Amino acid sequence: MASLSSVSLSTSSSETSIFRSTNWKLSVLTRVVRTFPMIKKSRTQINYVAYVQSHDVNRPQSSIRSTSFNVEGSGSTTSLDEEVKVDTSGVESTKLPFPLFETQSSSSDAQTDDSASLSIAVIGATGVLARTKIFPALFALYYSGQLSEKFGIFGYSRKNLTEEDLRAIIAPTLSCRIDHQENCEEKMDAFLKRTFYLNGGYDNQEGMSKLNTLMEEVEGKFGANRIFYLSVPQEALIDVASSLAEKAQTQRGWNRVIIEKPFGLGSFSSHQLTTSLLSNFEEKQLYRIDHLLGRNTIENLAVLRFSNLVFMPLWNRSYIHNIQVTFSEELGMQTSARYPNGYGILGDVVHSHIFQTVALLAMEPPVTLDGEDVRYEKVKVLKSIRKLESADVILGHCEADSGSNSKDKDNLMPTYFGAVLHIDNARWDGVPFLIKASRGLKKNRVEVRIQFRRVPGNLYLKDREHIQNLATNELILRDVPDEAILVRINNKIPGLGMNLEASELNLLYKDKYNVNVTDSYEQLVHDVIDGDNHLFMRSDEVEVAWNILSPVLSELDNNNVTLEHYDFGSKGPDKADNLWARHGVKWSDD
């Protein structure tokens, strides 16, 4: 076999961009060699390694074990930190240097937001959330043209990996789920070439300083905006955020920070976290993300309320009898893994998703759709919610199914939260908001159900010759299963006689719209890029939500609460039926 030599690619900084989609074919091998950058400490020099793969595969694939991989066709194992030796005979020598986003011509130092590059750093890049949700969402945005032409993705963690390692890890998770899968493989290649990795080590100050240096190398000297997605454990969040604020923020554009829930593990820790964050960032920089709020059904709440005259005058205590909010997850319950603190589903689902849903349902019309105007109205209605009393709450614990970890059986964290909320304002006085958030039940259901009052003096109930079993009108916004908007009405059955029945007017999304539903992470990251914060909790929203739960959390802390046990796959605790019955409600999925 011909002798192998190092691949050397060189050119001046004003020449070829690293992101042009070019596959270098080596004459002595019937394989495609793709080059990826290996970042060194110097800002002016980059070494590249050659990645070898078959012609019929366009995505990076490698067998990674520890820190080495096997180069196809060479029969040898090579360290990922070293250059791969290949024969370069017949290949023109080209260099692809940083910075990647230099503007070729500019008459002014001032950069518009559109001309600035966008750098997105995923802190905790090797975690499950990053691999399965964050990177796929970023690729989906890139594929659909929602990212700036000048963007870079930066993975940051403590693992001793190279960029090739990270690319090989995330490549299998990427998919072109947009309607027309055109140029899918080429788009994946381009996206992966813009994905870089940094081992930040265990000193966050030093690590964030290195991340800043790497970002500056990629961005060049012109305008640059940055997003930092903090996918890190709760106990590491304050140190990571403060180090980031001090060492990694750009001075040539805006900086935005995405924070994953839980937003504290209770009122005290939440207050500490908020105090630390606001000492390092402005409120407008913070985006507390809850993926459940990125669902299309949540966005539709405001649209239905404020753009349909048929509903607007009915949205109050005069016409609505009760509102039911259901979050019921059927399978996959691993209690100890989901709920590392003692509050279980209260911290995981109720504090953010449930209360935010209630706020969007019950808030007054905002002045505009600007995020701050919406959040102002959400805070107002959350402050009007009465603190929960023990008589209005049912907490339960699911007996683990046979396939669950045995430790779950002794870990008595709440997996069921049933409650009645009361909003003390003029619009909702006397209207109960009934909440059921649970895991391990027999049905998987996420929906909002508005039940209207009975028709006063209903003629068909007075007709003794034709006594009818009339239903109350309902408006149902269903997310799971099968996203839909349903309206329940009473109508006459065709034929002789006056026989009535309840029917549903059904807008089923999968039948109406022949499109793939956008993933919630994709939607929310897109909102962060746009600076739209209306679906993200502000600091005062976080505090008010914990205050509503504080009596229940206090009882849990003092072991004064008895969790009602229910079987896996059942409808939940039996005592919950008594709570609903007190308010004249029978859950439709019971």
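Contact here means heavy atoms within 4.5 Å. Keep that in mind for the first pair of helices. This is a predicted model.

Let's start with H9 and H10. Helix H9 covers 345–362, and helix H10 covers 371–383. Their axes come within 9 Å and cross at roughly 105°. That makes H9 roughly perpendicular to H10. Who touches whom? From H9 we have Phe-355, Gln-356, Ala-359, Leu-360 and Ala-362. They meet Val-374, Lys-378, Val-381 and Leu-382 of H10.

Now look at the loop between these two helices. Pro-366 sits there. Is Pro-366 buried or exposed? The cut-off for buried is under 20% relative accessible area. Pro-366 has 15%, so it counts as buried. Its contacts, leaving out residues up to four places away in sequence, are Phe-306, Asp-373, Val-374 and Glu-377. Val-374 is also among the H10 residues that meet H9. Take Glu-377 as well. It lies eleven residues from Pro-366 along the chain, and the two C-alpha atoms are separated by 6.2 Å.

Let me step back to the whole chain. There are 590 residues, and 51% of them count as buried. The chain holds 15 helices and 23 strands. Consider contacts with a separation of 6 or more. Residues 24 or more positions apart account for 76% of those. The accessible surface comes to about 27,100 Å². Carbon and sulfur atoms hold 48% of that surface.

Next, the parallel sheet. It is open, with six strands. The order reads E11-E10-E9-E12-E13-E14, and the pairing is parallel. Which strands stand at the edges? They are E11, at 195–199, and E14, at 286–289. Each has a single partner strand, so one side of each is left without a neighbour in the sheet. From one strand to the next, the twist averages 20°.

Zoom in on one pair in that sheet. Strand E12 is residues 224–230, and strand E13 is residues 255–260. Five bridges join them, and they run parallel. One residue to click on is Phe-228, whose bridge partner in E13 is Val-257.

A helix lies across this sheet. Helix H1, residues 128–143, crosses strands E9, E10, E12 and E13. E9 here is 117–123, and E10 is 151–157. H1 runs at about 165° to E9.

On to helix H3, residues 184–193. Seven of its ten residues are buried, so H3 is largely enclosed by the rest of the structure. The buried ones are Cys-184, Met-188, Asp-189, Ala-190, Phe-191, Leu-192 and Lys-193. Note that Asp-189 and Lys-193 are on that list.

Cys-184 brings us to the disulfide. The structure holds one. It joins Cys-176 to Cys-184, with S to S at 2.0 Å. The link is right-handed, with 95° about the S-S bond. Both ends are covered. Cys-176 has 5% relative accessibility and counts as buried. Cys-184 has a relative accessible area of 13% and is buried. One further cysteine, Cys-398, is buried as well, at 1%.

Now strand E19, residues 445–452. How many of its residues are buried? Eight of eight, so the strand is mostly covered. Both faces are covered. On one side sit Arg-445, Glu-447, Arg-449 and Gln-451, and on the other Val-446, Val-448, Ile-450 and Phe-452.

E19 has partners to show you. Strand E15, residues 320–329, runs antiparallel to E19, and eight bridges join them. Phe-327 stands opposite Val-446 in E19. Strand E20, residues 474–480, also pairs with E19 in the antiparallel sense, over six bridges. In that pair, Ile-450 has Leu-475 of E20 as its bridge partner.

Last stop: another helix pair. Two packed helices are described by the angle between their axes and the distance between the axes. Helix H6 is residues 267–280, and helix H14 is residues 539–557. They pack at an angle of about 170°, with axes 10 Å apart. That makes H6 roughly antiparallel to H14. On the H6 side, the residues are Ser-267, Ser-270, Thr-274 and Leu-278. They meet Ser-539, Val-542, Trp-546 and Asn-547 in H14.

That's the tour. Over to you.

Conventions
Residues numbered from 1 in each chain as written. Predicted model: local features only at pLDDT ≥ 70, side-chain atom pairs only at ≥ 80, totals over all residues. Heavy atoms only, no water. Pairing = 2+ DSSP bridges. Helix = DSSP H or I, 4+ residues; strand = E, 2+ residues; numbered from the N terminus. Axes fitted to C-alpha atoms, helices over the stretch in contact; angles between N-to-C directions. Buried < 20%, exposed > 50% of the residue type's maximum accessible area, 1.4 Å probe, protein only. Disulfide = S-S within 2.5 Å. Areas by Shrake-Rupley, 256 points an atom, 1.4 Å probe, with all protein chains shown as cover. Parallel < 35°, antiparallel > 145°, perpendicular 65-115°, else oblique.
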